[in-house]
2 protein chains.
Amino acid sequence: MTSTRPPTPQQPSRRIADELRRQIESGDLRSGDKLPSERALAEQYGSARNTAREAIRLLAEQGLVTAKHGSGVFVREPQRLFRFGSDRYSLKNRETGLTPFRLEAKRQGKVARIDVPSITREKPPADVAERLKVSADEESVVHRENHYFADDEPVQIVSTFVRWDEAQGTLLMEAKTGKDGIYGRLEDLGHVMTRVRDEISARMPTPEEAAILSLLPGVPVLEVLHTSLDQDGVPFEVSRYVHRADQTGLLYELPVES
Amino acid sequence: MTSTRPPTPQQPSRRIADELRRQIESGDLRSGDKLPSERALAEQYGSARNTAREAIRLLAEQGLVTAKHGSGVFVREPQRLFRFGSDRYSLKNRETGLTPFRLEAKRQGKVARIDVPSITREKPPADVAERLKVSADEESVVHRENHYFADDEPVQIVSTFVRWDEAQGTLLMEAKTGKDGIYGRLEDLGHVMTRVRDEISARMPTPEEAAILSLLPGVPVLEVLHTSLDQDGVPFEVSRYVHRADQTGLLYELPVES
DNA sequence: TGTGCCAACTGGCTTGAGCCACTTACTGGC
DNA sequence: GCCAGTAAGTGGCTCAAGCCAGTTGGCACA
């Protein structure tokens, strides 16, 4: 069982990064501790400041440290995850009168805020059109954009799509959608959420997403493309969730189908 | 509705990156196309080679381009996702005699290979111990490490943990676990998989993971901490899946619980 | 016709220098 | 005692230059 363990990397930047990583993992450097300055590291390892800087970039990319301009580079606190359970779709949660996000926030003792930057009639993206079974060439959907905050920290961006022909003239076109949110209104239209399909992927954020979510460099996003199916198996709502991955996790608990 | 759109970034590296990104998104540069060389970009934009290089790094971090040493920088092909459905746990798949991974690979017309680098008795990590309800201070588990390949491309790393007191002396300690894999053997021990709990997160890979999965810079990993519960609600197996996010997605389809 | 070599090009990485913006702590004046 | 101003320290970013390593294609030679 020979494990591949390169003894000492030949590249100075890797060597510095590895040494710092070792100190972090061994506990010599603890969460919140300040690393030596770039200039100090460079001198200590006999290399240029740019090389020490590159080493820190490698660690930041890995999410181990975070730099604060003018102040220093610090070992990142392991983030507590804001967890979204599969039961967020559960009907019994309706009794609380809270939307899934507000419920989850309350569970974790945080204050939820939801911004609605835009509600517009649009041509749907191809993947949404396919799942909602509408035309991608017409303005066949209403796109509701939402930004979610917990304790004023941005947590997720959600784009919700419903059919224009159904949403037209209803509260689905308004920022305030009334009791039980959009799912309440969709139920009024005869769609009872019966099954859900969540397609999950991870990637690096676009610059826009990084800005909205205040993402530090090296933090990926979790993307969930969610489809709601009604009692007849008809898809009636598709949402794209973009979560910051350093603070968010997903939890799915489900029965094994025989 | 004033959208925050900085017209032209002040930093040269961002400016070059944004211009290239625009060309990629507009289709001027297509998948597989070669970008101008670092030296050419530098001259074209009147900046230093390092600055052009930084611009390319920004794009690579975002997963838009990939550099080939000695050859050039190319627009990355959008990867087709190797999708793992929640039905991978379904009992009916047993009839095929294939393990979930082999089944998924076959579905996508790929050849599956599974390496088993190690099977060892160990102290479990804290999160595994908590979910398997065993002591984290003793060598209470057997750790099976697996590397999965599809068409010889590394796809995922899996660490499976089962109780040592159950695995001792069984095929669970061997590379070849017999019919239906480890779930077959665990069923022999009286554990019928009845519910599963998948905890999903995303992060940047460790250097080891990047090496095993041949990950390009800027590609995150999807981590799934999976717990199998038997007919009595007893957790009998915990696995940590590490997927490369550029080629892997997860699919969960589930009924909404009333 | 083939083949092996080599030059030119590519990205990978480092150096050492400089300027800027932000943070912090100290210090002097009120 | 307070507060404004300042100097020193920090990371952010760029420049210009150089050497190395991998790739490619053409050219000379067999």
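This section describes the surroundings of DNA strand D and the first helix of chain A in a predicted model.

The surface around DNA strand D is formed by 25 residues, of which Arg39(A), Gly70(A), Ser13(B), Asn50(B) and Thr51(B) come nearest. Of the atoms of DNA strand D that come within 4 Å of the protein, 59% belong to sugar and phosphate. By class, this surface comprises 14 polar, seven charged and four nonpolar residues.

Individual polar contacts involve both the phosphates and a base of the strand. In chain A, a polar side-chain atom of Arg53(A) is placed 3.1 Å from a phosphate oxygen of DNA strand D. In chain B, a polar backbone atom of Ser13(B) lies 2.8 Å from a phosphate oxygen, whereas an N or O atom in the side chain of His69(B) is 3.1 Å from a base nitrogen. The elements contributing two or more residues to this surface are helices H2 (38-45) and H3 (49-61) and strands S1 (65-68) and S2 (72-75) of chain A, along with helices H1 (12-26) and H3 (49-61) of chain B.

Helix H1 of chain A, residues 12-26, contains 15 residues and spans 21 Å between its first and last C-alpha atoms, close to the 21 Å expected at 1.5 Å a residue. Its buried residues are Ser13(A), Ile16(A), Ala17(A), Leu20(A), Arg21(A), Gln23(A) and Ile24(A). These residues lie on the same side of H1(A) because they cover an arc of only 160 degrees around the axis. The elements that cover them include H2, H3, S1 and S2 of chain A and helix H8 (207-212) of chain B. Just after H1(A), Gly27(A) adopts a positive phi of about 95 degrees.

Note on methods:
Residues numbered from 1 in each chain as written. Chains lettered and ligands numbered in written order. Predicted model: local features only at pLDDT ≥ 70, side-chain atom pairs only at ≥ 80, totals over all residues. Heavy atoms only, no water. Near = heavy atom within 4 Å. Polar contact = N/O pair within 3.5 Å; in protein donor to acceptor, adjacent residues only side chain to side chain. Helix = DSSP H or I, 4+ residues; strand = E, 2+ residues; numbered from the N terminus. Nonpolar A, V, L, I, M, F, W, Y, C, P; charged D, E, K, R; others polar. Expected span 1.5 Å × (residues − 1). Buried < 20%, exposed > 50% of the residue type's maximum accessible area, 1.4 Å probe, protein only. Arc of directions from axis to C-beta. Contact = heavy atoms within 4.5 Å.
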